[in-house]
Amino acid sequence: MVENRFGKINLEGEDLVVLPEKALYWEGKKSLIIADTHIGKADHFRKAGLPIPDQASTVDYCTLDTLLETYDVDRIIIVGDMFHSNFNNACSDFITWKNTKSLREVVLVKGNHDILGEKFYRDGGIVVYNEEYIESPYTFTHKPPAVINHGYYISGHIHPAVRMGGKGRQSLTLSCFIFGLKQALLPAFGSLTGKCIVLPEKSDKVFVIGSDKVFEVK
């Protein structure tokens, strides 16, 4: 197991930085790539009568702020489930946050939770793709494709995680990045999201996320 603050991987000739903040940094394009932010999930639960604090949203914005301050980013690519459900105040809060940043563009590849009307995205200055966004050598989709048609796919949706065992039978379930031969799975960026344990293929490269470091599992 190799431990570092961040990881590095070359996919289709492009260097990407694998960050413990559950994001990829595409330096050649000054782009931050994230999945499954689920903005507004806390508000959605509170409307349903569940006493969910909004601390998760604050944490996620702090994380984004830190990433934008640390790396030369002028674009964010979100591969689906940007917003959790119907419109609530958290949706407007994101637009307000975005407008305070020096971002050239925010791109959204719609996920199954992204059900807001086109007018909201258009008025908010978010560039939307319904199924896939292609920027060579990558194809960005929310759900991992059943069939690989072109390029290397980068997707979310699954919220991938692996179970790491230790001495004394204890174990931890940790979010991870999985890089296969032709497609990558990104962890869920949002703090208020679950995890799904996956079984990687032997040929996959797996980067597990600790508290503030990335571990490449050999």
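This note covers the aromatic pairs, one open sheet and one buried serine in a predicted model.

1. **Aromatic pairs overall.** The search of the whole structure gives 15 aromatic pairs. Two of them are taken up below, followed by a cluster.

2. **Tyr133 and Phe140.** This aromatic pair is stacked. The ring centres lie 5.8 Å apart, and the planes make an angle of 20°. That angle falls under the 30 degrees used for stacking, so the label follows. Tyr133 has a relative accessible area of 10% and is buried. Phe140 is buried too, at 0% relative accessibility. Both values fall under the 20% limit, which is why both residues count as buried.

3. **Phe179 and Phe207.** Here the geometry is edge-to-face. The distance is 5.7 Å centre to centre, with 80° between the planes. The pair links distant parts of the chain, 28 residues apart. Phe179 belongs to strand E13 (residues 171-179), and Phe207 to strand E16 (residues 205-209). Phe179 is buried at 2% relative accessibility. Phe207 is buried as well, with a relative accessible area of 3%.

4. **The ring cluster.** Tyr133 and Phe140 also appear in a cluster linked by ring pairs. Its other members are Trp26, Tyr129, Tyr138 and Tyr152.

5. **The open sheet.** Seven strands form an open sheet with mixed pairing. The order is E2-E3-E4-E5-E6-E7-E8. Which strands stand at the edges? They are E2 (7-11) and E8 (126-129). Each has a single partner strand, so one side of each lacks a neighbour in the sheet. From one strand to the next, the twist averages 25°.

6. **Strands E3 and E4.** Within the sheet order, E3 is followed by E4. Strand E3 (residues 14-19) and strand E4 (residues 23-26) run antiparallel. Four bridges join them. Leu19 has Ala23 in E4 as its bridge partner. In general, strands of a sheet pair through backbone hydrogen bonds.

7. **Ser175.** This residue is found in strand E13, the strand that also holds Phe179. Is Ser175 buried or exposed? Ser175 is buried, because its relative accessible area is 8%, under the 20% limit. Neighbours within four places in sequence are left aside in its contact list. Ser175 then contacts Lys22, Pro160, Ala161, Pro187 and Lys195. Phe207, Val208 and Ile209 are also in contact with Ser175. Phe207 is thus a contact of Ser175 and the ring partner of Phe179.

Definitions and conventions
Residues are numbered from 1 along each chain as its sequence is written. This is a predicted model: local features need pLDDT of at least 70, side-chain atom pairs count only at pLDDT 80 or more; totals for chains, interfaces and linings use all residues. Side-chain values use heavy atoms; hydrogens and water are left out. Rings of Phe, Tyr and Trp (its six-membered ring) pair if their centres lie within 6.5 Å; planes under 30 degrees apart count as stacked, over 60 as edge-to-face and the rest as tilted. Buried means under 20% relative accessible area, exposed over 50%, partly exposed in between (1.4 Å probe, protein chains only). Helices (H or I, at least four residues) and strands (E, at least two) are DSSP runs, numbered from the N terminus. Two strands pair if DSSP finds at least two bridges between them. Axes are lines fitted to C-alpha atoms, for helices over the stretch in contact, and angles run from 0 to 180 degrees between N-to-C directions. Contact means heavy atoms within 4.5 Å.
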